Amino acid sequence: MFSFHEKFAEATKAHFEAQLALLNTLTAKTFEGVEKVIELNLNAAKASLEESSEATKQLLSAKDPQEFLTLSAAQAKPNAEKAAAYGRHLASIASGTQAEYTRAAEAQVAETSRRINALIEEVSKNAPPGSESAISILKSVISNANAGYEQLTKNTKQAVETLEANLNNASAQLTQATTPRSKK
């Protein structure tokens with residue numbers, strides 16, 4: 001015999017376990033992203049230190065102020081390009097982490113929706129006469145919530161794509177600004 005309380009308890013337990021699994025997945029993805037950012041920063045700091053030491057040696061070996069200025073100008077472009085590359089790499093890490101979050105959340109929502117729909121179907125099969133409108137309202141609420149989630153996911157993806165496009169545009173502008181212009 002059907003017991004609503006048993007089914008509800010099972011669904012609640014499954015939902016709690018799924019939420020815990022999602023939290024664990026998101027935590028793991030966060031740590032992976034943080035590890036990548038730390039690795040990027042360590043590599044950038046190490047490279048910067050080595051390059052600064054070499055640049056200082058070159059500047060100190062300048063024989064006159066003109067050579068000093070020429071060397072300084074020559075070092076500015078690679079530094080700007082490296083800063084732009086760092087920004088692109090950082091954006092790539094953030095974008096990848098966000099994509100992992102989205103995939104995990106979408107899987108969780110799909111599974112939760114499937115379970116809720118199965119529970120509603122089970123309840124509707126054994127519901128007393130006259131409860132059809134309440135079940136219809138419940139199905140409508142769940143459908144609307146799913147549609148809202150899908151719209152939120154779509155908007156989030158668009159926002160990330162816009163952010164990536166803006167970062168790429170800024171990077172291109174920075175590279176263009178640091179490229180010496182030919183004299184006419």
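Here are three short exercises, with worked solutions, on a predicted model.

**Exercise 1: the overall fold**

Work out which elements make up the chain and how its radius of gyration sits against that of a compact globule.

*Solution.* Start by counting elements: the chain has 3 helices and 0 strands. Read from the N terminus, the order is α-α-α. Next, take the radius of gyration: 184 residues in a compact globule would give a value near 16 Å, but this chain has 28 Å. Now add the extents, where the C-alpha trace spans about 95 × 35 × 15 Å along its principal axes. Finish with burial: 15% of the 184 residues count as buried, the cut-off being under 20% relative accessible area.

**Exercise 2: helix H2**

Check the end-to-end span of H2 against its expected span, then find the residue that caps its N-terminal end.

*Solution.* H2 has 61 residues, and at 1.5 Å a residue they should span 90 Å. The expected span uses one less than the number of residues, so remember that step in your own check. The end C-alpha atoms of H2 are 89 Å apart, which agrees. For the cap, look at Asp64: one of its side-chain oxygens lies 3.1 Å from the backbone nitrogen of Gln66.

**Exercise 3: the largest pocket**

Describe the largest pocket by its volume and its lining.

*Solution.* Begin with the volume, about 350 Å³. Of the 15 lining residues, those closest to the centre are Ala47, Ser48, Glu51, Asn79 and Lys82. Helix H1 (4–60) and helix H2 (65–125) are the elements giving two or more residues to this lining, and H1 provides the largest share, 8 residues. Sorted by class, the lining holds 8 nonpolar, 5 polar and 2 charged residues.

Definitions and conventions:
Residues numbered from 1 in each chain as written. Predicted model: local features only at pLDDT ≥ 70, side-chain atom pairs only at ≥ 80, totals over all residues. Heavy atoms only, no water. 1 Å grid on protein atoms, 1.4 Å probe; cavity = no way out; pocket = protein on both sides within 12 Å on 5 of 7 lines; lining within 4 Å. Points joined across faces, edges and corners; volume = space filled by probe spheres on them. Helix = DSSP H or I, 4+ residues; strand = E, 2+ residues; numbered from the N terminus. Nonpolar A, V, L, I, M, F, W, Y, C, P; charged D, E, K, R; others polar. Polar contact = N/O pair within 3.5 Å; in protein donor to acceptor, adjacent residues only side chain to side chain. Rg over C-alpha atoms; globule rule 2.2 N^0.38 Å. Buried < 20%, exposed > 50% of the residue type's maximum accessible area, 1.4 Å probe, protein only.
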